Amino acid sequence: MDDDEGLQKTLQQILLTNGYSVLTATTGEKGLQVAKLQKPDLILLDVILPGIKGREVCVKLKDDPVTINIPVIFSSMISK
């Protein structure tokens, strides 16, 4: 889950090249929907998202029995 589509495409290409399947979402709301429906093995989660922020998305994921066991890795890009 990341609203930076350029970064999202770069990570997606790296993961696909290495044999992983990739699901994407640009908002917290959409990411929660995807996580509940697809139950991914891992979530890469941006801290700052439009709408529901990353930390709140993580809380919702961990409060839901369907997604509670999905590991989450937070990411954040710092621009100068």
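Ser76 counts as partly exposed, because its relative accessibility of 44% falls between the 20% and 50% cut-offs. This value, like the others here, comes from a predicted model. Ser76 sits in the segment after strand E2 (72-75). Beyond its neighbours within four places in sequence, Ser76 is in contact with Asp46 and Val47. Asp41 lies 35 residues from Ser76 along the chain, and 20 Å separates the two C-alpha atoms.

Asp41 appears again among the contacts of Ile70. With neighbours within four places in sequence set aside, Ile70 touches Ala35, Lys39, Pro40, Asp41, Leu42, Ile43 and Lys62. Ile70 also belongs to the largest nonpolar core, as do Ala35 and Ile43. This core has twelve residues. The other members are Met1, Ala25, Leu32, Leu45, Leu49, Ile52, Val57, Cys58 and Leu61. Three elements each supply two or more core residues: helix H2 (28-38), strand E1 (43-46) and helix H3 (54-63). H3 makes the largest contribution, with three residues.

Helix H1 covers residues 5-17, 13 residues in total. From first C-alpha to last, H1 reaches 18 Å. That is close to the 18 Å expected at 1.5 Å a residue. Both ends of the helix merit a description. At the N-terminal end, Asp4 acts as a cap for H1. A side-chain oxygen of Asp4 lies 3.0 Å from the backbone nitrogen of Gly6. Just after H1, Gly19 adopts a positive phi of about 90°.

Conventions:
Residues are numbered from 1 along each chain as its sequence is written. This is a predicted model: local features need pLDDT of at least 70, side-chain atom pairs count only at pLDDT 80 or more; totals for chains, interfaces and linings use all residues. Side-chain values use heavy atoms; hydrogens and water are left out. A nonpolar core is a set of buried Ala, Val, Leu, Ile, Met, Phe, Trp, Tyr and Cys residues joined through side-chain atoms within 4.5 Å. Buried means under 20% relative accessible area, exposed over 50%, partly exposed in between (1.4 Å probe, protein chains only). Helices (H or I, at least four residues) and strands (E, at least two) are DSSP runs, numbered from the N terminus. Contact means heavy atoms within 4.5 Å. The expected span of a helix is 1.5 Å times one less than its number of residues. A polar contact is a pair of N or O atoms within 3.5 Å; within protein, one must be able to donate a hydrogen and the other to accept it, and residues adjacent in sequence count only if both atoms are side-chain atoms.
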